[in-house]
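Look at the sequence and the structure below side by side. The paragraphs that follow begin with one helix and then move to strands, loops and the chain as a whole.

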Amino acid sequence: MNVTTGELVTRNSYHNDILFRVIHIKENYVLLHGEDVRLVADADQEDLQIVEKRDLERYRKKEKEKEDYSYRLFRQDYQLMKEKREYESTEGYQQDSSYFQIPARVLHLDGDRLYLKKCIDVYQRIGLQVHGVHLSEKDMPLEIAGLVKKIQPDIIIITGHDAYSRNKGIKSDISAYRHSKYFVETVREARQVVPHLDQLVIFAGACQSHFESLIRAGANFASSPSRINIHALDPVYIAAKIAYTPFMDKVSVWEALRNTMTGAKGLGGVETRGLLRTGMPYLKEEETENY
């Protein structure tokens, strides 16, 4: 079967379980990127099945249902956090006081341009300020320090594609992973600039990434404890949970993961303080003109 770059395919040898985009073709060798999971894979052309339009529509509908469900969970969680903040800011509604909030800044580094766009759309949908940068995973360690100093983010997402290859070594050997070592180096470089875990919150990793090394390098959250695939949007919901939690409150790992699509087998981390700061009073434009 002849496939072309950009086509959507599945692998027969894996029971056509994951939808991939064809990224590169060289003779019979095909490089694949997961369409909705952050997995990179190699395949022979003979193993590939081109996805028919009808099957693609069914797949898209199923994925949208999953994404919408995760978004609804986040919105419910956000509403509860908002009501709690309003109650505490106004001393139990006893005073009619308006307040303002200082939002967290997110720097999102992504090895996949299409994933980055999808993530930015969700950031904007949930009201987070984000600076998105598309970089190959190999270039991330070289660029991160300059980006941190320039943008001064509160949260960094370091992600893209990854994969564990059993043929290259055991699971504890980081050289058996496609991009984990670059993610680890990027985290270390960021921690050289901002060492404190509560001043700069870092999520790092992609599908099947070497979780232990990422946490040791200084990530607050990472993938993938059980070396499974993670959804493209999972890092966004972890960032949102931290960003909308008051800085005096800590976020348990379970709280951070419960709105993701992958959960604890694919994501993990350490308890971390929230980043949202609330102030008062909030002055409208006509009020500030009097000063």
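In helix α6, the residues D234, P235, V236, Y237, I238, A239, A240, K241, I242 and A243 are buried. Buried means a relative accessible area under 20%, exposed means over 50%, and partly exposed lies in between, with a 1.4 Å probe and protein chains only. Helix α6 covers residues 234–243, and 10 of its 10 residues are buried, so the helix is largely enclosed by the rest of the structure. Helices here are DSSP runs of H or I with at least four residues, strands are runs of E with at least two, and both are numbered from the N terminus.

Some notes on the basis of these statements are needed early. This is a predicted model, in which local features need pLDDT of at least 70 and side-chain atom pairs count only at pLDDT 80 or more, while totals for chains, interfaces and linings use all residues. Residues are numbered from 1 along each chain as its sequence is written, and side-chain values use heavy atoms, with hydrogens and water left out.

Just ahead of α6 in the sequence is a loop that runs from β11 (221–222) to α6, and S224 lies in it. S223 and S224 are joined by a cis peptide bond, with omega at about 0 degrees.

Strand β11 belongs to an open sheet. Six strands make up this sheet in the order β8-β7-β9-β10-β11-β13, and their pairing is mixed. The edge strands, each pairing on one side only, are β8 (129–134) and β13 (268–269). Two strands pair if DSSP finds at least two bridges between them. Strands of a sheet pair through backbone hydrogen bonds, either parallel or antiparallel. Inside this sheet, β7 (residues 105–110) and β9 (residues 155–159) are a parallel pair with 5 bridges. H108 stands opposite I157 of β9.

Strand β10 is another member of the sheet, and V201 has its place in this strand. Is V201 buried or exposed? V201 is buried, with a relative accessible area of 3%. What is V201 in contact with, leaving aside its neighbours within four places in sequence? The residues are D154, I155, I156, N220, I242, T272 and L275; contact means heavy atoms within 4.5 Å. One of these, I155, is 46 residues from V201 in sequence, yet the two C-alpha atoms are 4.7 Å apart in space. Another, I242, is one of the buried residues of α6.

Two loops next to strands of this sheet hold residues with a positive phi. Q152 lies in the loop between α3 (140–151) and β9. Q152 is not a glycine, but its phi is positive, about 55 degrees. With a relative accessible area of 52%, Q152 is exposed. Q208 lies in the loop between β10 (201–204) and α5 (211–217). Q208 is also a residue other than glycine, and its phi is near 65 degrees. Q208 counts as buried, at 14% relative accessibility.

Now turn to the strands near the start of the numbering. Strand β1 (residues 8–11) runs antiparallel to β2 (residues 20–26), and 2 bridges join them. In this pair, L8 stands opposite R21. Strand β1 also runs antiparallel to β5 (residues 48–50), to which 3 bridges join it, and here R11 stands opposite L48. L8 and T10 point one way from β1, V9 and R11 point the other way, and all are buried.

Strand β2 is joined to β3 (residues 29–34) by 6 bridges, again in the antiparallel sense. K26 has Y29 of β3 as its bridge partner. The hairpin of β2 and β3 has 2 residues between the strands, and in this hairpin E27 takes a positive phi near 55 degrees.

Last comes the chain as a whole, which has 8 helices and 15 strands. The radius of gyration, taken over C-alpha atoms, is 21 Å, close to the 19 Å that the globule rule gives for 291 residues, so the chain is as compact as a globular protein of that length; the rule is 2.2 Å times the number of residues to the power 0.38. Along its principal axes the C-alpha trace spans about 70 × 45 × 35 Å. Buried residues make up 49% of the 291 residues. Of the contacts with a separation of 6 or more, 63% are between residues 24 or more positions apart.
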